[in-house]
Structure formats: C-alpha cells, structure tokens
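Subject: A structure for you to look through

Dear colleague,

I am passing on a structure that I have been reading through, and I would be glad if you would open it and follow along with the notes underneath.

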Amino acid sequence: MVDLIIAGGHAVIGDAVVQADIAIDAGRIVAIGALTGLPGARRVIDAEGLHVLPGAIDCHVHFRDPGSTYKENWRTGSSAAAAGGVTTVMDMPNTDPPTANREALVRKRERAAALSLVDWGLYGVLDSSSLPHLEALVEDGIAGFKCFMTENTGDLESPDDGVVYEGLERLARLGVRCSVHAENAAIMQHRRRQFIEAGRTDARAHEESRPEVCEIEAIGRVTALAQAACAAVHIAHVSSAGGVQAIRHALAQGVDMTAETCPHYLLFGLPEIDSLSGMVRVNPPIRGGAHADALWAALLDGTIGMIATDHAPHTEEEKRNPDIWQCCRGMIGLETQMPVMLTESQRGRMSLPAYVRWSALAPALAWGLYPRKGHIGVGADADFAIVDMEGAYRIDQSALHSLNRISPWHGRFVTARPVHTLVRGNVVMWDRRVVGEPGWGRGIAPDWRRSSHG
C-alpha cells in the first residue's frame, strides 16, 4: 500500500510523453507503470485527459520577505507558485537585511520555513559585506549566490571587479555556483543622466538607456573572471541577441556557465513598452524583435538552458508612475509562466519535453538539485504540475495570488493551465484552488557534486 497513485495521465518522462501511472510514498516516486502492476494506494488522483509534468523550479524570485512585505511575503509568493505549477523557488538576497551573513540567513530561513507552501532555496549576496561570511553561508546550506553588477531593488552594493574575482575564487573552491545580473553600470548610468537632463521620461527611455552592449560587455567580463577563477557562474535574465553570442563564446571557452531567460523577454517587445509603459519596466529591459528571436533560438539549441520569471512584485502605485524613472523595476510572473509557455508549446514553438527541460530539469542540474528534483523518475521527489492542455482562459490579474497583482499578462488569452500541484506528494493546489498549508515547504539542500550544465 502506497500513499498515492496518479492514474492515467500523460506524463512527460525524459524526451517522451507517455501514458503512465505514478505511485508515490513518503513524498517520493516509488514506481511508474500500469495501474494493474502497481501497489494499492490510500488515494488515487484520476489524471485521465491531463498531462503530468515535473513541478517547475523557478531559480529567480523576489519574495521581499523580510523587509518589504507590503510588496510580497513568503505566504503570498509561495501561493502564487503553487497556483502556477511551481514546486520549488529560489529567493534572491536583496531583502532587508540582505542575505549576507548567518544572522540574516537564519532570519529569512525562519520566515520561509513558517510560511512557504512550496520548497525553497535562498541565495546569499556576493559583495564586500558577504566576503567574510561565504564559507559560513555555504556551511549553513545556502542554495547559491547572486552578484548584482548594477543597481537593484534594495540598493545593494554593486561590487568592484576585485571583490567579484575574490568571491568567485572562493566559491570555486567551495564548488558553489554564482548567479550574476550582468549589465555594465557605467554605460547605463551615463545614458540615464543624459536622458534625464534632456527631459526624457517616456517608457522607451529606459530601454534606450541600457543598450545591448551593456549586457555583452558584462557577460564578457564575467566570462574572463570566471575562467580565471575556475568558477561556475549563471547569467540571469538574458535579454539580447548579443548576450546570447557572449554566452556562446563563454561556453566555447569551456567556462561552466548556465543561463536563463524570462517569458517577458521572449514574448514582449516595443509595442508592449509603448502600451504598458512602467508595468513592463524591468532590468535588463525588454527589447523584442530580433532579440526575442535570438533568445528562442538559444533555448532550442541549449545555449540558454532554462526559464525563470524574475518574479518581482511592486504595488500598483509603484508601477504606474508616468515618469519612467520613478517606476519600480520588475513584474510578477510566477503564476503566469506555465500557462503562457505551454500556450507557446501548443503553437509549435517547442515540444512539451523541451519545456520541461527548461522549467524543471535544467535548473535542477545547474543548482545541485538533481536527481532529487527536476524530473519524473523513481526516487525523485513527487513534485508535479498536473496540467489541462485544453484549459483555455484569459488571465485575470484580480484572480492571482501575489500580494500585489498588477500584471502585464492581464487579459492575455492562454490555452493551457495547471489544475493540480503537488509538492513531495502533498496537494498544494487542487482544481485550481490553492489548498496548501503554510510551512509545508522545505528548504532545499543542493548537492554541488551533482551540479551540471543545464
């Protein structure tokens, strides 16, 4: 007798979609096969007509907790994750206090442990304030590190190259990957000053102030430093064709580099900047056009390995200021990523197994979570998004679960959606209704010996 069987669904297993029953006991997958050959179960979920996907792993979220809980908190953010088929999140360190030492890590861990519905990992910040504490943070189970090469929500330090290089050298010895926000701050700051002096406050001024070269140069600099330090790095939210080329160059040089992009870079462009204005102000900026085409190509050929959301909530007032320089940077995306991307799969952009590689397998490999997470296989955690591929609807921001629900995806027609979400065999969303209990989520424990390219 096992705890649960998911029966009759079309499961994405490896590079195939197969009809299979999945037996779960004590939070893990124990068997995959035909129901007649599996043990009895205390509960059976009938998944006939539905698809069973590994729960998404979002390696880039900002839950603002502690410090800015008027924007988001662990309960609301993890509820949005559950509603979006996301079963593991990795939270960025630019909170208050920033995750730069053991005391700050303990405080944030206590919040996540008490409130999260889904499993979670925490980044430490890489800057001069954290250098004395890197080894202690790793010893305490940090999920990874984040280096901000330019300004950020929270106004954390943008460390100089000496700090970055020393940090990467030490993280290389510890075997821990560092995520990098790769933009050239000097170019961006110079252009922004020029635009402000010229009276430019329109939405396109933000995009024009951060040209593609900002990303190209910064990725090149990260490549050189990582290669010299023998470090593993991750490029966050890649936005440009030139950024893709810089990553290809790094990979050709043998650098252990992984990368992510986000749905808004793939599917938005200048028309959305014009129509949605500050709602789509984000760093790096949305570019669209040939840049979006290059990002899709990079996902399909493996140069960019994964999808993340950079889920970054703000209040409606903070996002609707008519002066683009006064609009907060970032947008929510946890709950809409899977419906939006599965819709693109149905349009023929990619196969379901490709989507699963981007949303689950690649982040698990890059961040030391495989084989416990990221796939459907015996021994893996029973983390699932059970999806209705015929579940057409129009996204309504009022129905979202984030604390602040203003979304640039509001009104978008999508043709698929998760209907049930399970975290380690426990239902946290049922029939599109979040039912999970705060505190069910557990901290993830990366095994850096298994870390690999996504």
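What follows is an account of what was found, going from the whole chain to single residues.

Please keep in mind from the start that this is a predicted model, and that every value below was computed from it.

The chain as a whole

The protein chain has 14 helices and 19 strands, and its C-alpha trace spans about 70 × 45 × 40 Å along the principal axes. A compact globule with 454 residues would have a radius of gyration near 22 Å, and the protein chain, at 21 Å, agrees with that expectation. Of the 454 residues, 61% count as buried, while the accessible surface comes to about 16,000 Å², with 49% of it belonging to carbon and sulfur atoms. If you look at the contacts with a separation of 6 or more, you will find that 76% of them are made by residues 24 or more positions apart. As for charge, the protein chain has 43 positive and 54 negative charges, and the mean positions of these two sets are 1 Å apart.

The nonpolar cores

In soluble globular proteins, nonpolar side chains tend to be buried together. Here the largest nonpolar core has 94 residues, and the members that touch the most other members are Val89, Leu168, Ile235, Met257 and Leu342. Another core, of 18 residues, lies apart from it, and includes Ile6, Ala380, Ala382 and Val427.

Two covered helices

Helix α1, residues 74-83, is worth finding in the viewer, because nine of its ten residues are buried and it is therefore largely enclosed by the rest of the structure. Its buried residues are Trp74, Thr76, Gly77, Ser78, Ser79, Ala80, Ala81, Ala82 and Ala83. What do these buried residues of α1 pack against? Their partners are the helix α2 (102-115) together with the strands β7 (86-91), β8 (119-125), β17 (417-423), β18 (426-430) and β19 (433-434).

Helix α13 is also mostly covered, with nine of its ten residues buried, namely Gln337, Met338, Pro339, Val340, Met341, Leu342, Thr343, Glu344 and Ser345. One of these, Thr343, has a relative accessible area of 2%, and so it counts as buried. Leaving aside residues up to four places away in sequence, Thr343 touches Val414, Thr415 and Ala416. Just after α13, Gly348 takes a positive phi of about 95°.

Backbone details in the loops

Two cis peptide bonds deserve a careful look. One joins Asp65 and Pro66, with omega about 10°, and Pro66 lies in the loop between β6 (56-61) and α1. The other runs from Tyr370 to Pro371, with omega near 10°, and Pro371 is found in the loop between α14 (352-366) and β14 (384-388).

Gly374 lies in the loop between α14 and β14 as well. Is Gly374 buried or exposed? Its relative accessibility is 9%, so Gly374 counts as buried. Not counting residues up to four places away in sequence, Gly374 touches Pro54, Ile57, Ala360, Leu361 and Ala364. Gly374 and Gln397, which are 23 residues apart in sequence, are 28 Å apart in space from C-alpha to C-alpha.

There are also positive phi values in residues that are not glycine. Cys230 has phi near 60°, and this residue is found in the loop between α7 (212-229) and β11 (232-235). Because its relative accessibility is 67%, Cys230 counts as exposed. Arg432, whose phi is about 70°, is found in the loop between β18 and β19, and with a relative accessible area of 34% Arg432 is partly exposed.

One more residue

Gln189 lies in helix α5, residues 185-197, and its relative accessible area of 32% makes it partly exposed, since that category runs between 20% and 50%. Gln189 and Val213 are 24 residues apart in sequence, and their C-alpha atoms are 13 Å apart in space.

With best wishes,
A colleague

Methods:
Residues numbered from 1 in each chain as written. Predicted model: local features only at pLDDT ≥ 70, side-chain atom pairs only at ≥ 80, totals over all residues. Heavy atoms only, no water. Core = buried A, V, L, I, M, F, W, Y, C linked by side-chain atoms within 4.5 Å. Buried < 20%, exposed > 50% of the residue type's maximum accessible area, 1.4 Å probe, protein only. Helix = DSSP H or I, 4+ residues; strand = E, 2+ residues; numbered from the N terminus. Rg over C-alpha atoms; globule rule 2.2 N^0.38 Å. Contact = heavy atoms within 4.5 Å. Areas by Shrake-Rupley, 256 points an atom, 1.4 Å probe, with all protein chains shown as cover. Lys, Arg positive; Asp, Glu negative; His and termini not counted. Charge placed at Lys NZ, Arg CZ, Asp CG, Glu CD.
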